[in-house]
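Subject: Structure handover

Dear colleague,

Please find the structure below, followed by notes on what was found in it.

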Amino acid sequence: MAVLDKPIFNSRINSESITGKEKWLGYLIGPAGALLVNAMLAQGFLNVFYTDELGLSGVWGGMFLVIFPVLSKILDAITNVLMGNLIDKRITSQGKARPWLLRAIPLVSLCGVLLYFVPYKASQTVQVIWIILSYNLYYCFAFTMYNISHMMMVPLSTRNDEQRSKLAVFNNVANIAITGILVALLFPMLVLPKIKGNITAWITVMCAVSIAMLPVMLLEYYYTKERVTLDGLAQNSETKDNHTFKEKIKVCFSTKNWWILVAFWLFYWVGQLTRSNAITYYANWVLGKTYADGITQTLLNVIGGLPMGIGIFLVYPISKKLGKARTTYLGFLLCVVGDVITFMFPDKLPIVLTGQFIMNLGIVPAAYVFPALMAGVLDEMEAKCGYRCDGPGTGIINSMNTIAVGLSIGMLNLMIRGYIQPQFNAAGECITTQPHSVIRAIVWAFVGINIFIHLLLAIMLRFLDVEKKLPEIQKKLGIGDKNE
């Protein structure tokens, strides 16, 4: 009897249709644990920790924080593809992705601790070595293992396109709730002003979050089910996928819609993460009256969070009427309008908040419907070749997110070379002034680049036609009746 066949590892979901418990625990609350840990990094706070607390802006002439993230993400992109292929190799009684969720969850928690547990009293060389090792352990190993298996769950949960769309909404509500409320709103308002300039406080807070989220993350494992994977698989059995990685990659490469999603995911995340990494600097040095005032960044994130909250109720009915791709396309055109308004008056808070509200309203469809679009493309490839290509297909798409993380951080740090580590007087007030070139670069990183990226994304979506093909795809797969 295989270890995963033991009852303790069984899913708590037994129904053949998606249940409310599955939506709320498996796709909303469960993923929130890992997303909270990751948001502490992806929201730019890790980079702020490196530049403002550890003072690493000048290492290697200012190039360490430019080159290191990019090289790390190239390695991470490779491990994404390898992990996707590895997940596809073996199907167990628990599915093929869920077992890797179980393996990844404790590693995400542990590596999240190591990322901030930098020996700050040691030499700068020791700190740099620690950062290189902990960063790669988290991103190239632990979070890669988690994120690939996590991304596969919506496509593998059911063949019912309507139910997959609903799961995609729940999945992204978790992301928005964590990054848009807990991290983006509460952290800069309540936590950041209290820990600024205090490395010990930074380490304590970040490590506590990583440890506390471990039991929350386990909910995703226990309250999800891979119906597509387990269809036809005998209980308490295990099988191997005999189709080679080369065969599956060939199918991916021959599918136009898959290429569109790969390019879309890369540019989408370059734009999102560059803005996200720059927002703390933008609030501190461009808009805020004082450094880390606890108000300015919170206002920016409130405006970002409101449209996402509204989108929960609007995006599903609108995308059902107009189509997922078309709704997302129109949203990106709205993003461009908001970006231009912000860019024209970057230091005028009321105008910036107006522009950001419009931009965030436009980004809502992309945030909610992408997993459903990806599921349709994976079905399209199955209809073409007769077997699933989830691992390599998802792995390469997710590696675009990975590459985007490195590109966005490296690009930001390259743009703000010359950034001065903030110094504080006895009253705790920042007495540092940044060069004008750094201020201008922060504005471009926060909003300027996204004018062009959002326009490019809108153009890409005009060529995505998986929704038009879906009835034919379902007919080939013999699953039309499952979508009734």
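On α10, Lys 246 and Lys 250 are exposed (over 50% relative accessible area, 1.4 Å probe, protein chains only) and sit on the face turned away from the helix's buried side. This is a predicted model, in which local features need pLDDT of at least 70 and side-chain atom pairs pLDDT 80 or more, while totals for chains, interfaces and linings use all residues. Residues are numbered from 1 along each chain as its sequence is written, and side-chain values use heavy atoms, without hydrogens and water.

Helix α10 spans residues 245-253 (helices are DSSP runs of H or I, at least four residues, numbered from the N terminus). Its buried residues (under 20% relative accessible area) are Lys 248, Ile 249, Val 251 and Cys 252. They line one face of the helix, because they fall within an arc of 155 degrees seen down its axis (directions from the axis to the C-beta atoms). Their cover (heavy atoms within 4.5 Å) includes α3 (64-89), α11 (256-287), α14 (349-385) and α15 (390-415).

Ser 93 lies in the loop between β1 (90-91; strands are DSSP runs of E, at least two residues) and α4 (98-116). Ser 93 counts as buried because its relative accessibility is 9%. Its side chain makes a polar contact with the side chain of Asp 5 at 2.4 Å (N or O atoms within 3.5 Å, one able to donate a hydrogen and the other to accept it; residues adjacent in sequence count only if both atoms are side-chain atoms).

Helix α13 (residues 324-344) has 21 residues and reaches 31 Å from first C-alpha to last, close to the 30 Å expected (1.5 Å times one less than its number of residues).

Regards
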